[in-house]
Amino acid sequence: MATATAAPVAHETHEEHRTSTGMSNTKLAMWVFLGSECLLFGGLISSYLIYKTRGAGLLVPTDVFDIPFTSVSSFVLLMSSMTMVLALSALRRGDEALSRVWILTTAMLGGVFVGGQVYEFTTFLREGVGFTTNPASSAFFTLTGFHGVHVGLGIVMLMSAFVMSSKDKLHKEQSETLEIIGLYWHFVDVVWVVLFTVVYLVPA
Amino acid sequence: MTTTDISEAVDSTEVEHEHPSDWQYIKIALILAVITGFEVAASYVSLGDVLVPLLLGMMAVKFWLVITWFMHLRFDGKIFKQLFIAGLVLAVAVYTITLSAFEFWA
């Protein structure tokens, strides 16, 4: 009985937390972090653009791209952004069960994307384009690999949110936690929007 | 400043807003999917000099849709938008200069 009454009190205490700016510090920190991430990916994209034709007489990644396959991966990641906002929307309405379904769907779509990237990398290796083959391939694997790691971290965050929700620790009052995870996830998606066009579609 | 004053100040900076409906999010996702389809189709058609600006334009539209609708920049406090845009503009400026230094555009 005592346990049943203690949980809502803890939620209220969390909700009452306010800052002098009137804005959430963690949300502010996430936006600053995402702003700095623009510089990280900007550097990696620039390096790729400079090196993408420097193949030292060997195959470069653009020679072995499989655009239809990567297009499907891009579609999967875009749809994961939709399921992410639906998860947040459900949590804000207090529909925790539906929110869990969308969180898990988002993580699974992210997993499909990473799986696709692993398959793509393996295919490239078989074709003779490895990380150290030439400057073009090094720049390509570094750029897309970094993005893949970001997706992987996003999946870890999503699964943590799923576990929290399953343990009855993620309620409407803590929707900001899921919103911050969502911001990170959408940023990873938006970076891929740029990579897909600049790396895969714009001709060398 | 009393506790009441702080509370009022905080309340005045917090902008209450309506969140988009699930259907609106689905519509945005569909638009993103259609634009992606156009991007891929355009890369297979011989469009000459128009191709790259067209692809970059579609990319910019997708980018803007995701950050304004899915990341809620359209509805959230201005400071979040300013922080992100500052990082984005700085990145674009720095790396445009860097690429120019490497004569990438030549």
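In this predicted model, the residues of α3(A) that meet α2(B) are I67(A), S71(A), S74(A), F75(A), L78(A), M79(A), M82(A), V85(A), L86(A) and S89(A), and their counterparts in α2(B) are D22(B), Y25(B), I26(B), A29(B), L32(B), A33(B), T36(B), V40(B) and S43(B). Sorted by class, the contact of α3(A) with α2(B) comprises 13 nonpolar, five polar and one charged residues. Helix α3 of chain A, which covers residues 67-93, packs against α2(B) at an angle of about 170 degrees, and the two axes lie 10 Å apart. Because angles over 145 degrees count as roughly antiparallel, α3(A) is roughly antiparallel to α2(B).

This helix pair belongs to a contact between the chains in which 40 residues of chain B are in contact with 37 residues of chain A. On the side of chain B that touches chain A, two or more residues are given by each of α1 (3-13), α2 (22-44), α3 (51-70) and α4 (78-101) of chain B. Of these elements, α4(B) gives the most, with 13 residues. The class composition of this side of chain B is 29 nonpolar, seven polar and four charged residues.

Chain A itself contains six helices and zero strands, so that its elements, read from the N terminus on, follow the order α-α-α-α-α-α. The C-alpha trace of chain A spans about 75 × 35 × 25 Å along its principal axes. Of the 204 residues of chain A, 42% count as buried. When contacts in chain A between residues at least 6 apart in sequence are considered, 82% of them join residues at least 24 apart.

The largest nonpolar core has 70 residues, of which Y48(A), A87(A) and L143(A) touch the most other members. Elements from both chains contribute two or more residues to this core, namely α2 (25-51), α3, α4 (96-127), α5 (135-166) and α6 (175-201) of chain A together with α2, α3 and α4 of chain B. The greatest contribution to this core comes from α6(A), with 16 residues. On the side of chain B, at least three residues of this core are drawn from each of domain 1 (19-75) and domain 2 (77-106). As for Y48(A), when residues up to four places away in sequence are not counted, this residue touches A139(A), F140(A), L143(A) and V199(A).

Chain B is divided into domain 1, covering residues 19-75, and domain 2, covering residues 77-106. The centres of these two domains of chain B, taken over C-alpha atoms, are separated by 20 Å. Within helix α2 of chain B lies I35(B), which has 18 C-beta neighbours inside 10 Å and therefore counts as partly exposed, given that 20 or more would be needed for a residue to be buried. Once its neighbours within four places in sequence are left aside, I35(B) is in contact with M58(B), V61(B) and K62(B). Between I35(B) and K81(B), by comparison, the separation is 46 residues in sequence and 24 Å in space, C-alpha to C-alpha.

How values were computed: Residues are numbered from 1 along each chain as its sequence is written. Chains are lettered from A and ligands numbered from 1 in the order in which they are written. This is a predicted model: local features need pLDDT of at least 70, side-chain atom pairs count only at pLDDT 80 or more; totals for chains, interfaces and linings use all residues. Two residues are in contact if their C-beta atoms, placed from the backbone, lie within 7 Å. Helices (H or I, at least four residues) and strands (E, at least two) are DSSP runs, numbered from the N terminus. Ala, Val, Leu, Ile, Met, Phe, Trp, Tyr, Cys and Pro count as nonpolar, Asp, Glu, Lys and Arg as charged, and the others, Gly among them, as polar. Domain bounds come from an automatic or database domain assignment. Axes are lines fitted to C-alpha atoms, for helices over the stretch in contact, and angles run from 0 to 180 degrees between N-to-C directions. Angles under 35 degrees count as roughly parallel, over 145 as roughly antiparallel, 65 to 115 as roughly perpendicular and the rest as oblique. A nonpolar core is a set of buried Ala, Val, Leu, Ile, Met, Phe, Trp, Tyr and Cys residues joined through C-beta atoms within 7 Å. A residue is buried if 20 or more other C-beta atoms lie within 10 Å of its own, exposed if 12 or fewer, and partly exposed in between; C-beta atoms are placed from the backbone.
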